[in-house]
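Q: Could you take one part of this model and look at it closely for me? I would like a connected account that also places that part in its wider setting.

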4 protein chains.
Amino acid sequence: MVRNYSVRTDLALEERERFASDNVEIQGVVLEEDYDEEREIRTTRVEICTENGARAMGKPVGIYLTLETPDLALPDEETHLNIARKLSGHIRELIRRNTGRNEKDLSVLVAGLGNRSVTPDSLGPCVADHLNVTRHIIREYGKYAMDKEYVNLVSAIVPGVMGQTGMESTEIVRGVVDETHPDLVIAVDALAARSCRRLNRTVQIADTGINPGSGVGNHRSGLTEKTLGVPVIGIGVPTVVDAATIVNDTMENFIAALESSESLKGVGDVLKSYNPAEKYEFVKELVAPHLNGMYVTPKDVDEMIRQIGRTLAEALNMVFAGVA
Amino acid sequence: MVRNYSVRTDLALEERERFASDNVEIQGVVLEEDYDEEREIRTTRVEICTENGARAMGKPVGIYLTLETPDLALPDEETHLNIARKLSGHIRELIRRNTGRNEKDLSVLVAGLGNRSVTPDSLGPCVADHLNVTRHIIREYGKYAMDKEYVNLVSAIVPGVMGQTGMESTEIVRGVVDETHPDLVIAVDALAARSCRRLNRTVQIADTGINPGSGVGNHRSGLTEKTLGVPVIGIGVPTVVDAATIVNDTMENFIAALESSESLKGVGDVLKSYNPAEKYEFVKELVAPHLNGMYVTPKDVDEMIRQIGRTLAEALNMVFAGVA
Amino acid sequence: MVRNYSVRTDLALEERERFASDNVEIQGVVLEEDYDEEREIRTTRVEICTENGARAMGKPVGIYLTLETPDLALPDEETHLNIARKLSGHIRELIRRNTGRNEKDLSVLVAGLGNRSVTPDSLGPCVADHLNVTRHIIREYGKYAMDKEYVNLVSAIVPGVMGQTGMESTEIVRGVVDETHPDLVIAVDALAARSCRRLNRTVQIADTGINPGSGVGNHRSGLTEKTLGVPVIGIGVPTVVDAATIVNDTMENFIAALESSESLKGVGDVLKSYNPAEKYEFVKELVAPHLNGMYVTPKDVDEMIRQIGRTLAEALNMVFAGVA
Amino acid sequence: MVRNYSVRTDLALEERERFASDNVEIQGVVLEEDYDEEREIRTTRVEICTENGARAMGKPVGIYLTLETPDLALPDEETHLNIARKLSGHIRELIRRNTGRNEKDLSVLVAGLGNRSVTPDSLGPCVADHLNVTRHIIREYGKYAMDKEYVNLVSAIVPGVMGQTGMESTEIVRGVVDETHPDLVIAVDALAARSCRRLNRTVQIADTGINPGSGVGNHRSGLTEKTLGVPVIGIGVPTVVDAATIVNDTMENFIAALESSESLKGVGDVLKSYNPAEKYEFVKELVAPHLNGMYVTPKDVDEMIRQIGRTLAEALNMVFAGVA
């Protein structure tokens with residue numbers, strides 16, 4: 001089957017597209033799309049409803065909202081606020097659905113995952129840096145000190161990565177959750193996409209948290225309701241593509257081109273006699289093993305991370321700002 | 001009594017000196033000194049043995065080892081290694097005494113306290129950055145992977161400060177301790193001294209951990225065996241002096257000078273008729289309230305923090321390097 | 001005379017106040033004040049018109065605009081924009097006056113002075129980080145690429161400090177000016193004030209550039225039209241007070257109090273018999289020499305620098321944004 | 001000809017290898033190799049002696065010393081010092097040859113090129129951070145203050161990148177050179193290699209400086225004796241590979257495999273009938289245009305940059321330390 005040797009993606013959207021391109025309808029998976037033409041913002045909602053759907057998609061049951069816009073990293077204040085507003089709506093929806101209440105008077109822990117010292121992996125720390133943290137103020141002075149219609153206890157943690165701490169992010173965040181008892185965790189992370197087209201223009205918000213294998217840093221245990229004991233909303237932005245993926249993709253295009261090429265008809269005929277698995281094996285040998293641990297990222301990733309990090313923080317600040 | 005209106009210091013050494021200058025012997029407090037003339041390293045050991053001593057000193061029962069050297073921040077490799085070696089000996093002593101075993105095969109969590117964004121408060125994070133973290137490697141590959149006589153599971157956490165996280169450092173570290181069960185916590189922090197003379201030339205190592213009020217950031221709850229459930233060794237370096245302290249000190253000198261001045265004999269006579277508390281009240285009014293939240297620090301604090309942070313990390317790496 | 005032993009300040013405003021408090025009118029110095037009550041923004045304009053005035057003030061002939069507001073570091077978007085707008089007006093005025101033309105189609109080099117690694121000295125680099133730099137775009141694609149009514153060639157340099165580069169900031173900036181020929185240099189720097197009250201609530205904009213002795217880092221040669229060959233507008237924010245200044249000030253208050261004290265009348269009588277210089281000498285001996293190279297700064301200086309740096313950059317971006 | 005459509009490399013070594021693989025001897029290019037088996041350090045010396053050789057290699061006449069070792073980023077103190085010693089020898093050789101004198105009493109400006117905010121491009125700034133800068137000390141206190149057999153005036157500049165400054169690095173460095181008149185410039189930069197195998201294990205030292213197109217940041221004008229007016233020694237470490245290069249290489253391997261494959265003999269026969277240029281065109285269409293501006297880099301690039309940056313700085317400090 002095709003999926004056996006497919007390269008991993010953190011985006012439900014990309015997972016779904018693999019099937020869509022095969023014109024397969026997947027049982028237990030509902031897809032909805034919305035396009036804001038004026039602002040060029042596309043929102044895709046993938047709901048995995050059943051365990052069958054989860055198996056087919058290789059992702060847990062839950063809701064995956066994806067916002068796509070070419071302007072995600074545009075350094076323009078109005079665009080930035082428009083996108084933040086859209087994102088805050090999506091985050092509110094998932095909060096209400098998963099906590100059984102609205103976002104008012106919730107206590108929330110935001111976990112900024114990733115490695116601050118590696119630019120494309122620094123999105124989570126960057127969001128944490130721009131967050132309005134309030135828990136300590138409300139605990140010290142009471143909620144009326146904030147002069148707002150409602151208040152949220154917002155706290156934030158940047159757990160770092162295993163090479164720096166010797167611990168998994170999950171261990172650190174679980175410890176903090178057990179100690180401070182938030183109602184909800186929001187985990188922000190830089191993701192790996194399958195295609196460079198997605199980089200720095202896509203935000204995925206999922207009520208399934210961050211799952212093993214997600215993220216640039218490849219966490220081994222996930223941040224999910226199961227591991228943390230409270231609902232976890234994962235917010236991810238693809239900032240890298242695995243180097244092997246890119247080579248693999250180009251090879252697949254190449255083989256497809258060979259198979260259909262008029263000028264190289266003879267090549268196509270030969271390749272057609274091989275099944276997909278054989279072709280994959282053949283290609284894999286050519287993908288140099290030194291690509292392990294390598295990723296592809298844009299040269300201006302620093303400006304992108306800074307701009308997108310600020311927009312995600314703005315969206316979270318809108319949700320928790322106490323403005324009804 | 002003098003101590004009623006004394007300004008706080010995080011250094012047991014300075015606390016002790018206040019009494020020494022009054023030629024008072026304090027019951028329940030044992031003081032020992034050692035001076036390495038060649039290397040200009042002075043080691044002072046203050047042991048607070050009884051609750052009486054603790055009350056007198058305003059610090060909990062325990063051992064406070066202080067290393068003083070003018071070369072602490074000297075950018076010289078040999079000096080750096082000599083100091084690290086001395087410090088590693090002191091750390092080993094306190095570990096053995098407090099865990100009832102030696103430092104071999106211990107699991108230890110190093111907490112780098114303080115604010116990475118404020119230079120004189122960034123010592124703890126700086127030490128964590130230079131630490132050899134091993135827990136994840138040993139857990140993945142076993143202790144024999146390290147090819148050492150013995151191994152320690154070393155992990156590290158930089159909890160940040162309340163304004164960034166909304167949580168007390170203690171809450172975060174306690175959560176991580178409960179989750180990962182180290183045998184011991186080593187907490188590194190930048191301290192406030194009473195005198196500028198101490199800045200960046202003094203290291204205090206105490207088996208009482210970090211107590212409320214210690215540190216540049218003024219933690220409200222301490223990192224101690226009581227709050228964390230495991231022994232805590234606190235390592236502190238004074239990098240700032242409270243601005244009010246400096247003014248206060250100078251005033252005290254000034255009053256003393258007035259009292260003994262030949263040329264200002266009249267002034268002295270008047271002042272002598274007041275008791276210390278009255279004089280303190282008089283001085284306090286003159287110390288502007290805008291000094292609250294202000295501290296004094298050297299202009300080249302960045303180089304000092306970098307150098308001292310590297311030396312402390314070296315000392316810890318020596319202790320836990322698996323070289324018997 | 002009083003000024004002989006006064007402690008240095010980078011603020012013309014503070015210099016002027018010393019005289020004002022003595023009810024002296026200074027020849028060749030014109031003072032104007034404006035107060036925006038609603039927004040609590042006070043603007044003071046000190047114009048030093050003559051060499052006599054310059055001698056009296058200890059500052060070169062020129063215009064010194066000072067904006068003071070308690071909200072300078074307030075993390076509120078509307079306040080931030082209001083202040084940036086006021087500042088941009090002041091900057092425009094000085095540009096027009098000094099270049100003989102308006103700010104349109106100028107080429108300008110912004111120099112972010114100071115040490116990025118020492119928080120209170122990092123204001124200049126922080127402003128440079130948030131600046132809209134355009135020179136390379138306009139040179140590559142032409143001014144019509146910007147789709148603005150007018151365009152400015154904006155470039156930026158962060159020269160670092162002598163301990164990092166081995167060179168004076170002036171040498172680096174002069175080299176860059178000689179190479180790239182901007183019409184104007186804007187130099188941004190963290191300043192030393194005389195009083196803690198000024199810290200992080202005052203911006204001084206002067207058409208005399210940055211003069212020797214200004215700045216936290218104590219540049220030895222200034223950035224002025226004389227040293228750079230083009231007009232230099234200096235923008236400074238006091239972020240530190242020299243530690244010796246604070247002690248000195250408190251002593252002066254103390255002596256004043258002693259002199260007027262009912263309860264310490266005798267003291268006052270004695271002190272009154274000394275002239276100011278004698279009193280200063282007496283005090284100086286008590287100000288410990290270890291205060292050399294020490295400064296006083298607020299604990300939350302990181303948040304202040306970040307907020308103010310963003311506001312100054314916003315003001316500069318407004319001036320050079322090409323919106324008429 | 002093959003080279004017409006070859007992908008660019010900053011390494012003379014890689015350029016030479018392309019020919020070597022074709023078993024061509026290149027006129028005007030001399031190749032020497034040395035292998036230190038015990039330390040696994042390979043040194044290759046490519047000397048381009050004539051303009052003919054320069055044309056063939058696509059690089060200017062000069063000497064290119066390349067050190068290769070798998071241990072370049074190994075966090076081991078002894079290895080680090082061994083490599084630094086070898087490098088310092090190579091740097092000394094090129095200095096003597098290009099300045100006509102030895103490295104004693106030279107004044108040298110080290111330019112740390114690249115973008116501090118993008119991890120794989122931050123090597124140059126990282127080296128500058130660890131350099132012993134002496135120019136300001138010697139100018140202030142004289143050369144005898146250093147208590148060394150000889151002294152060098154070492155200064156350092158981190159010019160930043162065009163997106164931050166609006167200026168080319170060359171403009172900034174040239175301005176500083178014209179102002180401070182060093183005898184020599186040493187420019188350190190992160191390079192792009194053709195093969196992932198080279199990443200973080202190769203150092204190239206060349207007396208031709210940094211040429212247009214070198215470096216991760218793709219400088220448009222070079223730092224050479226011609227542009228700066230003094231000899232320039234370029235030190236580069238490949239930290240990225242252009243994403244298109246990797247795809248291209250794999251395609252070439254793939255085509256080669258197809259041509260020689262037994263099992264896919266038919267394919268090979270067809271492809272053999274195309275000339276290299278046709279094959280390249282065919283492949284290029286498949287290399288997605290979205291790979292423009294993308295690069296490949298290892299996940300742990302932060303640790304590698306930190307370690308290698310420290311080693312390069314050590315090598316430079318050895319050369320200029322005043323130890324004969």
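A: At 57% relative accessibility, C:H181 counts as exposed, because the cut-off for that class is over 50%. Please keep in mind that this is a predicted model. C:H181 sits in chain C, in the loop that runs between α7 (169–180) and β6 (184–193). Its backbone deserves your attention too: phi of C:H181 is near 50°, which is a positive value in a residue other than glycine. Why is that worth a remark? Most residues other than glycine have a negative phi.

The other chains let us follow this spot further. In chain B, B:H181 also lies in the loop between α7 (169–180) and β6 (184–193). B:H181 is not a glycine, yet its phi is positive, at about 50°. With a relative accessible area of 58%, B:H181 is exposed. In chain D, D:H181 comes just after α7(D) and takes a positive phi of about 50°.

That brings us to the helix before the loop, for which chain D gives a good view. Helix α7 of chain D covers residues 169–180, and at 1.5 Å a residue its 12 residues should span 16 Å. The C-alpha atoms at its two ends are in fact 16 Å apart, so the expected and computed spans agree. How many of its residues are buried? For α7(D) the count is 10 of the 12, so the helix is largely enclosed by the rest of the structure. The buried residues include D:S169, D:T170, D:E171, D:I172 and D:V173 in the earlier part. Also among them are D:G175, D:V176, D:V177, D:E179 and D:T180.

Now for how the copies are arranged. Chain C can be superposed on chain D by a rotation of 180° with 0.0 Å of shift along its axis, at an RMSD of 0.1 Å. That is the relation of a two-fold axis. Which residue of chain C comes closest to the rotation axis? The answer is C:G175, whose C-alpha lies 1.9 Å from it. One surface serves both copies, since 100% of the contact residues of chain C recur in chain D.

For a contrast with the exposed loop residue, consider B:L113. B:L113 is placed in the loop between β4 (107–112) and α4 (123–129) of chain B. At 0% relative accessibility, B:L113 counts as buried, whereas B:H181 is exposed. If you want a sense of distance within chain B, the C-alpha atoms of B:L113 and B:E252 are separated by 33 Å, and these two residues are 139 apart along the chain.

Chain A supplies the wider setting. It has 12 helices and nine strands, and 60% of its 324 residues count as buried. Looking at contacts in chain A between residues at least 6 apart in sequence, 74% join residues at least 24 apart. The accessible surface of chain A is about 13100 Å², with 47% of it belonging to carbon and sulfur atoms.

Last, a word on rings. Over all chains, the structure holds zero aromatic pairs. There are charges over rings, however: A:R42 lies over the face of A:Y35, 4.5 Å from the ring centre. In chain C, the charged end of C:R42 sits over the ring of C:Y35, at 4.5 Å from its centre.

Definitions and conventions
Residues numbered from 1 in each chain as written. Chains lettered and ligands numbered in written order. Predicted model: local features only at pLDDT ≥ 70, side-chain atom pairs only at ≥ 80, totals over all residues. Heavy atoms only, no water. Phe/Tyr/Trp six-rings, centres within 6.5 Å; stacked < 30°, edge-to-face > 60°. Lys NZ or Arg CZ within 6 Å of the ring centre and 35° of its normal. Helix = DSSP H or I, 4+ residues; strand = E, 2+ residues; numbered from the N terminus. Expected span 1.5 Å × (residues − 1). Buried < 20%, exposed > 50% of the residue type's maximum accessible area, 1.4 Å probe, protein only. Contact = heavy atoms within 4.5 Å. Areas by Shrake-Rupley, 256 points an atom, 1.4 Å probe, with all protein chains shown as cover. Least-squares fit on C-alpha atoms with pLDDT ≥ 70 in both.
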